[in-house]
Amino acid sequence: MTQKIAFLGTGLLGSAFVEAAAGRGENISVWNRTADKARALETFGVRVAATPADAVQGASFVHLVLKDDAVVEEVVVALRPGLERDSIILDHTTTQPTLTAARSRRLNAEGVRYLHCPVFIGPEAARKARGTILAAGPESLFEAAGPHLSRMASRVQYFGERPDLAAVYKLCGNAFIIGMSALVADVLAVAAGSDVDLVEAMKVISYFDPAAVITGRGRKILSADFAPSFELAMARKDVRLMMEAAGAQSLATLPSIAARMDELIAEGYGADDIAVIGRGTVR
């Protein structure tokens, strides 16, 4: 008999997970605060529930794809009257690590089987069961849920029983994605301010091996190796030139980078490698 699963939260990502699960023949119930978003999924053969408690009745796995910690807490309270004793809550919400750890410990101590499982998956990847699911919390829950999660993604990475680790690594990953997006925007702003074709300017990025740059600079920061190969003071001069070239274009990151460089130069680190920008993180 096919296990019943529930999805609470059917925004862009949640609805994509539901579509994929329906395509695998899963027995699915869904709930969403905005009912129309849930009802749009009826065409995939899912049952739309009126309340969180109704949605989770009989479900072996309860997926939460919500906005933030406050909404997770609210929805968990609402679903508990209908939750089966052996159900496992799989929370895919991006949340604050300290609050996540407290919630995991509290719920599991109360007999609610809760595992935090944030994802590096966009809607299109979710429909194709691609991407990465992170998980942290009780090992017994991961062992029970692992095969189910593996149907949803190309990789499922368990980080152990420390309940905040998946939340931390999710934020680290999103910081990278957001930061890289902002830096690309600034690259294009420099080109636009200089009246250069933006498609051609993007080709400059192809001259680099981003993974090698990130790994190399990361090693220098981690080892506090600030022997110069690119002096901070010279890099600060280049940032000034970039900002001047951008002119009236909006900049997402360069002004903040410049401000941090100025602080470090004032502290006497101008002759060190630009990796010294991570000095306050690694001691």
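## A three-stranded sheet and its surroundings

The protein has 12 helices and 9 strands. Keep in mind as you look around that this is a predicted model. Let us begin with the whole chain and then move to one sheet.

The C-alpha trace spans about 65 × 40 × 30 Å along its principal axes. Of the 283 residues in the protein, 41% are buried. The accessible surface comes to about 14,500 Å², and carbon and sulfur atoms account for 57% of that surface. What share of the contacts between residues at least 6 apart in sequence joins residues at least 24 apart? The share is 63%.

### The sheet

Now find strands 7, 8 and 9. They make an open sheet of 3 strands in the order 7-8-9, and the pairing is mixed. Strand 7 (119-120) and strand 9 (155-158) are at the edges with a single partner strand each, so each of them has one side without a neighbour in the sheet. As a reminder, the strands of a sheet pair through backbone hydrogen bonds, in either a parallel or an antiparallel way.

Both ways of pairing can be seen here. Strand 7 and strand 8 are paired in the antiparallel sense over 2 bridges. Strand 8 (residues 132-135) and strand 9, on the other hand, are paired in the parallel sense over 4 bridges. The table lists residues of strand 8 with a partner across the sheet.

| Residue in strand 8 | Partner | Strand of the partner |
|---|---|---|
| Thr132 | Phe120 | strand 7 (119-120) |
| Ile133 | Val156 | strand 9 |
| Ala135 | Tyr158 | strand 9 |

Helix 7 (residues 139-150) packs on this sheet and touches strand 8 and strand 9. The direction of helix 7 makes about 170° with that of strand 9.

Next, follow the side chains of strand 8. Are its residues Thr132, Ile133, Leu134 and Ala135 buried or exposed? All of them are buried, with Thr132 and Leu134 pointing one way from the strand and Ile133 and Ala135 pointing the other way.

### A nonpolar patch on the surface

Phe120, which stands opposite Thr132 in strand 8, also belongs to a nonpolar patch on the surface. The other members of the patch are Phe176, Ile177, Ile178, Met180, Leu183 and Ile214. Together, the patch residues have about 610 Å² of accessible area.

Which helix gives the most to the patch? Helix 8 (residues 165-193) does, with 5 residues. Ile214 lies in helix 10 (residues 210-222). The relative accessible area of Ile214 is 38%, so Ile214 counts as partly exposed.

### Two alanines with positive phi

Finally, take a look at two loops. Ala129 lies in the loop between helix 6 (123-127) and strand 8. Its phi is near 55°, a positive value in a residue other than glycine. Ala129 has a relative accessibility of 22%, so it counts as partly exposed.

Ala224 is in the loop between helix 10 and helix 11 (232-246). The phi of Ala224 is near 55°, again a positive value in a residue other than glycine. With a relative accessible area of 37%, Ala224 is partly exposed.

Note on methods:
Residues are numbered from 1 along each chain as its sequence is written. This is a predicted model: local features need pLDDT of at least 70, side-chain atom pairs count only at pLDDT 80 or more; totals for chains, interfaces and linings use all residues. Side-chain values use heavy atoms; hydrogens and water are left out. Two strands pair if DSSP finds at least two bridges between them. Contact means heavy atoms within 4.5 Å. Axes are lines fitted to C-alpha atoms, for helices over the stretch in contact, and angles run from 0 to 180 degrees between N-to-C directions. Patches are made of residues with over 30% relative accessible area and no salt bridge: like charges are joined within 9 Å, nonpolar side chains (Val, Leu, Ile, Met, Phe, Trp, Tyr) within 5 Å. Accessible areas come from the Shrake-Rupley method with a 1.4 Å probe; for residues, only the protein chains shown count as cover. A salt bridge is a side-chain nitrogen of Lys or Arg within 4 Å of a carboxyl oxygen of Asp or Glu. Buried means under 20% relative accessible area, exposed over 50%, partly exposed in between (1.4 Å probe, protein chains only).
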